[in-house]
Amino acid sequence: MILQPETDDLAAYLVADQAIDHRHRELRRLAAELATPEAAFHHVRDQVAHSADAGAYSGAFRASEVLAARNAICHGKSHLLAALLWAQGVPASLCYQRLEDGEGGFVLHALNAVHLDGRWSRLDARGNREGVDARYDLRTERLAWPVRPELGERDYPGIFATPPAPLHRALAQAVPGQGGYGHLPGELPGSGADG
């Protein structure tokens, strides 16, 4: 898959925003402690529970809140990984997939792209469980969910420095402890059905 950055200016993928608040003191401390992009990936994948696996929805989506809660859906986990990478000086972005939700609809899954070795590579720190084996690999994608086009699933080629505004609003309106998934769009906002 050919990824399409919003801009060729890598500095755009290092600027803090409301969701990826990489200048937060605890985030910077942890990023320095972890020291490498691979260690940051493993920390987010393995030390921050995915809400569905934990059986509890924290509602955290800002990177600093996810770090404190140690529990988030894929969007929060991708924001935390981007923040840790930015704090290490590594350009990183957000990517999205439309996945079948098991109930006849779709859910928007978030993951990351990282710019290392002169290229963008997608990484998915969603968290492993039975049937999910995401890994840190800059050459061969090892994502949590390979898309199944025959089910209408798709990879969106865009890579974003920040979450699209409609998605950010939906994440901000989620209520902790109440499932929290129904508020998310099934499509990348602004992409259209064939985006």
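This is a dialogue about how to read the helix packing and the nonpolar core of a predicted model.

Biologist: Where should one begin, and which residues have the most contacts inside the largest nonpolar core?

Modeller: One begins with the buried nonpolar residues that touch one another through their side chains. In this predicted model, the largest such core has 45 residues. Those with the most contacts inside it are Ile-20, Leu-27, Leu-80, Leu-81, Leu-84, Leu-85 and Tyr-96.

Biologist: Which helices and strands each supply at least two residues of this core?

Modeller: The helices are H1 (25-34), H2 (37-47), H4 (63-69), H5 (74-87) and H6 (165-173), and the strands are E4 (92-100) and E5 (106-116). H5 gives the most, with nine residues. Another core, of nine residues, lies apart from this one and includes Tyr-13, Leu-111, Ala-113 and Leu-143.

Biologist: With which residues is Leu-84 in contact, leaving aside its neighbours within four places in sequence?

Modeller: Leu-84 is in contact with Leu-27, Leu-30, Ala-31, Leu-34, Ala-40 and Val-44.

Biologist: How does one read the packing of two helices, and at what angle do H2 and H5 pack?

Modeller: One compares the directions of the two axes, and an angle over 145 degrees counts as roughly antiparallel. H2 and H5 pack at about 155 degrees, with their axes 10 Å apart, and H2 is therefore roughly antiparallel to H5. The crossing of H2 past H5 is right-handed.

Biologist: Which residues make this contact?

Modeller: H2 contributes Pro-37, Ala-40, Phe-41, Val-44 and Arg-45, while H5 contributes Lys-77, Leu-80, Leu-81, Leu-84 and Leu-85. By class, eight residues of the contact are nonpolar, none is polar and two are charged.

Biologist: Why might residues some places apart on a helix point the same way?

Modeller: An α-helix has 3.6 residues a turn, so residues three or four places apart point the same way.

Biologist: Which residues of H2 are buried, and against which elements do they pack?

Modeller: Pro-37, Ala-40, Phe-41, His-43, Val-44 and Arg-45 are the buried residues of H2. They pack against H1, H5, E5 and strand E6 (119-123).

Biologist: How are H1 and H5 placed relative to each other?

Modeller: Angles from 65 to 115 degrees count as roughly perpendicular. The angle between H1 and H5 is about 70 degrees, with their axes 8 Å apart, so these helices are roughly perpendicular to each other. In this contact, Leu-27, Arg-28, Leu-30, Ala-31 and Leu-34 of H1 meet Leu-80, Ala-83, Leu-84 and Ala-87 of H5. Eight of the contact residues are nonpolar, none is polar and one is charged.

Conventions:
Residues are numbered from 1 along each chain as its sequence is written. This is a predicted model: local features need pLDDT of at least 70, side-chain atom pairs count only at pLDDT 80 or more; totals for chains, interfaces and linings use all residues. Side-chain values use heavy atoms; hydrogens and water are left out. A nonpolar core is a set of buried Ala, Val, Leu, Ile, Met, Phe, Trp, Tyr and Cys residues joined through side-chain atoms within 4.5 Å. Buried means under 20% relative accessible area, exposed over 50%, partly exposed in between (1.4 Å probe, protein chains only). Helices (H or I, at least four residues) and strands (E, at least two) are DSSP runs, numbered from the N terminus. Contact means heavy atoms within 4.5 Å. Axes are lines fitted to C-alpha atoms, for helices over the stretch in contact, and angles run from 0 to 180 degrees between N-to-C directions. Angles under 35 degrees count as roughly parallel, over 145 as roughly antiparallel, 65 to 115 as roughly perpendicular and the rest as oblique. A crossing is left-handed if the near helix is turned anticlockwise from the far one by less than a right angle, and right-handed if clockwise. Ala, Val, Leu, Ile, Met, Phe, Trp, Tyr, Cys and Pro count as nonpolar, Asp, Glu, Lys and Arg as charged, and the others, Gly among them, as polar.
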